Amino acid sequence: METEGDAHRKITIGVCVMEKKVKCGPEAFSAPMGQILERLESFGEFEIIYFGDKVILQDPIERWPICDCLIAFYSSGYPLKKAQAYAALRRPFLVNELEPQHLLHDRRMVYERLEKYGIPVPRYALVNRGYPYQELDYFIEEEDFVEVRGNRFWKPFVEKPVDGDDHSIMIYYPSSAGGGMKELFRKIGNRSSEFRPDVRRVRREGSYIYEEFMPTGGTDVKVYTVGPEYAHAEARKSPVVDGVVMRNHDGKEVRYPVLLTPTEKQMSREVCLAFRQSVCGFDLLRSDGRSYVCDVNGWSFVKNSYKYYDDAACVLRKMFLDAKAPHLASTIPPVLPWKINEPVQPSEGLTRQGSGIIGTFGQSEELRCVITVIRHGDRTPKQKVKLKVTEEKLLNLMLKYNGGRPRIETKLKSAVQLQDLLDATRTLVPRSRPGKESDSEAEDIEHAEKLRQVKAVLEEGGHFSGIYRKVQLKPLKWVTISKNNGEEQERPVEALMVLKYGGVLTHAGRKQAEELGRYFRNNMYPGEGTGLLRLHSTYRHDLKIYSSDEGRVQVSAAAFAKGLLDLEGQLTPILVSLVSKDSSMLDGLDNASIEMEEAKARLNEIITSGEKMVHSNGSSETPWMVDGAGVPPNALELLSKLVELTKKVTEQVRLLAIEEDEKFVESGAYGVIPPYDQAKALGKTNIDVDRIAAGLPCGSEGFLLMYARWRKLERDLYNERKVRFDITQIPDVYDSCKYDLLHNAHLNLEGLDDLFKVAQLLADGVIPNEYGINPTQKLKIGSKIARRLMGKILIDLRNTREEALSVAELKSNQEDGSKATSKTAKEEVDFLLKPIVKGEDMRRSSFTSEKSMDQDDDEDKETKYRLDPKYANVKTPERHVRTRLYFTSESHIHSLMNVLRYCNLDESLQGEDSLVCNSALERLLKTKELDYMSYIVLRLFENTEVPLEDPKRFRIEMTFSRGADLSPLEQKNDPEATSLHQEHTLPIMGPERLQEIGSYLTLDTLEKMFRPYAMPAEDFPPPSTPQGFSGYFSKSASVLERLVNLWPFHKHDKHHGGAGHIVK
């Protein structure tokens, strides 16, 4: 029978941990353990007993203090088995059970336990070695993958030591992204990782886990449980991006609380139960709409969150009382006993944002979405070499890589394959060129020259990165031969070799992309530069970057991201972490190939016949409505001049190539030329001074390849035998001219300036008309090429609107509700400590609602991170901006622009005005070229003072930039132009309006005009998973109801001491 003394006896809590893990008192005021224990003591129900290092390490367990409840967890030097013996002897209530803590030191056991409980983990495989460098027959390593017992992991993949206390984790990158390795480690100063571009082979000195790299948008989530019913999550910048730790003014790593999905809350509960650790931290990866646990840390508390300390103390109090004094567990004090004045965070430097470019529409406008389609940066000219090969070595190589099938073509792209080809080619290239008196046939000379060109292309760059060169071998002729056993077998005897190279982003392209990213950071978002970084770091900026499959486009996207988010270091980790490839949306012209051939044929007629342009419809007031608008009237005359000037430049480059050959090959002096390393060049934004000083072409191109480039242009542009011009070569001639004027001006090629002027006049007429000879055809071709991209843009805008309306409705409901009721601290604690059964019901209903609404969500695969406003010390938690960046090539920029300006020509939209105003249509006609880094921006603004149902609540602003400004190429004496010439780069033009000042384009109108040309949302692939993260702002009553409890919009609630919700 319980005595009166027992009823008033305090429950003793033993803290049996190393002293470094528990700091109390004012000298360590912010230490989480101390903060929580002080709060527990202030309830007056508990006595805290600190064991101390001397007792733990030196005293026998019989002399350890006796306690009702025990907090004990492992850290370095801690005698875990001794603590287990104490727990067996005294049998206190354990917050974290001791036996399972042994599991946490072996990553294999952690993954095994997670899988046993059905908790998702990344796909992985174990490589166990009995001793260092042990060779294992089940482990295979190739250039771009490892294979463990037939389970293949393509790069990028992660390599983790099995020892949980070894934090040296490696990520290996594919050659297609530049290769190399990034080592992650425990924070040292402001570094948490280091990129090593030269490391490509995995470690062999121990046992490792290999697992799939999960793209998470550059963000890690840390989850902290306090019992199975409470989980708090924080997000931080992932160390895989640039390895620079973001710190606040106190030197602490910057982390922000984020909301967990119902699925993730269930995972938190299961981790807690699986490892029998009530207080437990673990790492969560969010990738493609799913969540995975990749590490379990055991005992962990959140740092620097007073709200979390309050919650943790309340949850632990209930845990202890349930175990030792259940009769007291329901007694909740009306006011929490501690009084802590929380420090107020300085208000963020964000201002409300009107448009700033086509007029101001009131201070109540908020920027909600930025959608940008961007062309890649400055590149080297794209090249192709075709030759028929009959050499046995090359035919055998084709059979080696196509599985021995004589009629099947082979594609060689990996480093191993290209090295094989180079080895074969080296043995086939003649050591000396035949002299003029030689009897060799012209075809043999041509063949040898092309092989020499192939060899030169394969040798440039120091090693193969695979992102820039690819070779096709297509069988053309076969013979049947008899084998020794009498069977017949086909063998190829001739094949077509096609080598594609060039089109590589230059140092100038990387610099342009990074500077444009910086410009966007400073000008496209509220807050004058710091605003975007503040939004992004507090998880109120939802950023997704998409790229086509082309290497130059991917690297442009990574360099832009580096400037936009103020990142540091190499581009490879940024590319792999932040850029998603979407080839189907951003690559290819196949859908419109027939129409484009028709346009080119008609354009050829107009140019070669000297025909005058005719109006397809419209009047002289709308010159853009004619067939072949922009083609110069003297095009045929200019074409003859173009051929003549091309020959002049080609001859000069031929002489330079001969001179190089004589000077370097015979003297063997190539060794003194600084080699061009493609991997190191990936992050460079400045010129290679040593090569320029040596009188060599910029970048990786030697004179042999430069001559091959110009000779091919000369031959393809005009067929002397057939007396025929090929106008499709005009853009390529212009491309080469522009490249050499910018990067090889130091070679002083005579006539290059004149060639550039003629090529520019012709290209300005040809390039826009390749995408349609008149507006009707431009619209047809544009809608076919950009159909998927426009569909995605409409989904982006629709989702932003739905989210904004849901938040506005929620805010309105919350404000109405707050007038009627005000929650006391006691009620908040009551909510926190609801019975578990009720929590289960709540979770089940929330699962159902999430699932049903996610089926309607077209963006389910996009990973999202939402700031948890209840725990964030942020002035405007409801502000949220979505950014979608689409990096692509010239074709998609022209296509999207053509639909924007001519969409009103569709029969269903007769009588509608163009989305683009007349003055902008005139400027676009004069602009002609949408050059490197040209872009189109759609910004969505919400006017929060306009009624929710009013179409004018959402306004679209459209701007564009024509990209790189070519005027420095034309101005020789201007000091600024001279400086740009020396850096081999061009400035990017600022944005121009596509609408009249003061015009008001509603989102509804844009949707109506876009819809006939865009892929319908239902045609996009279904979500990859039924339960993703994107359900928080869909119009689902149950979810909105749940959100009311999570989102304290009322800013005048002065009570900070109450406990939080169980599941967040």
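The side chain of glutamate 45 makes a polar contact with the side chain of arginine 317, at 2.8 Å. Please bear in mind that this is a predicted model, and that the distance I have just quoted is computed from it.

Where does glutamate 45 lie? It is found in the loop between α2, residues 32-42, and β2, residues 46-50. Although glutamate 45 is in a loop, its relative accessibility is 19%, and it therefore counts as buried, the cut-off for that class being under 20%. Leaving aside residues up to four places away in sequence, glutamate 45 touches Lys10, Ile11, Arg317 and Leu321. Arginine 317 thus appears both in this list of contacts and as the polar partner.

I turn now to a second region, strand β28, which spans residues 881-888. How many of its residues are buried? The count is eight of eight, so the strand is mostly covered. Val881, Thr883, Leu885 and Phe887 point one way from β28, while Arg882, Arg884, Tyr886 and Thr888 point the other way. Both sets are buried, the two arginines included.

Which strands pair with β28? One of them is β19, residues 365-375, which pairs with β28 in the parallel sense over seven bridges. Within that pairing, threonine 372 has leucine 885 as its bridge partner. Another is β24, residues 541-547, which also runs parallel to β28 and is joined to it by seven bridges. There, leucine 543 stands opposite threonine 883. Leucine 885 and threonine 883, the residues of β28 named in these two pairings, point the same way from the strand.

Technical notes: Residues are numbered from 1 along each chain as its sequence is written. This is a predicted model: local features need pLDDT of at least 70, side-chain atom pairs count only at pLDDT 80 or more; totals for chains, interfaces and linings use all residues. Side-chain values use heavy atoms; hydrogens and water are left out. Helices (H or I, at least four residues) and strands (E, at least two) are DSSP runs, numbered from the N terminus. Buried means under 20% relative accessible area, exposed over 50%, partly exposed in between (1.4 Å probe, protein chains only). A polar contact is a pair of N or O atoms within 3.5 Å; within protein, one must be able to donate a hydrogen and the other to accept it, and residues adjacent in sequence count only if both atoms are side-chain atoms. Contact means heavy atoms within 4.5 Å. Two strands pair if DSSP finds at least two bridges between them.
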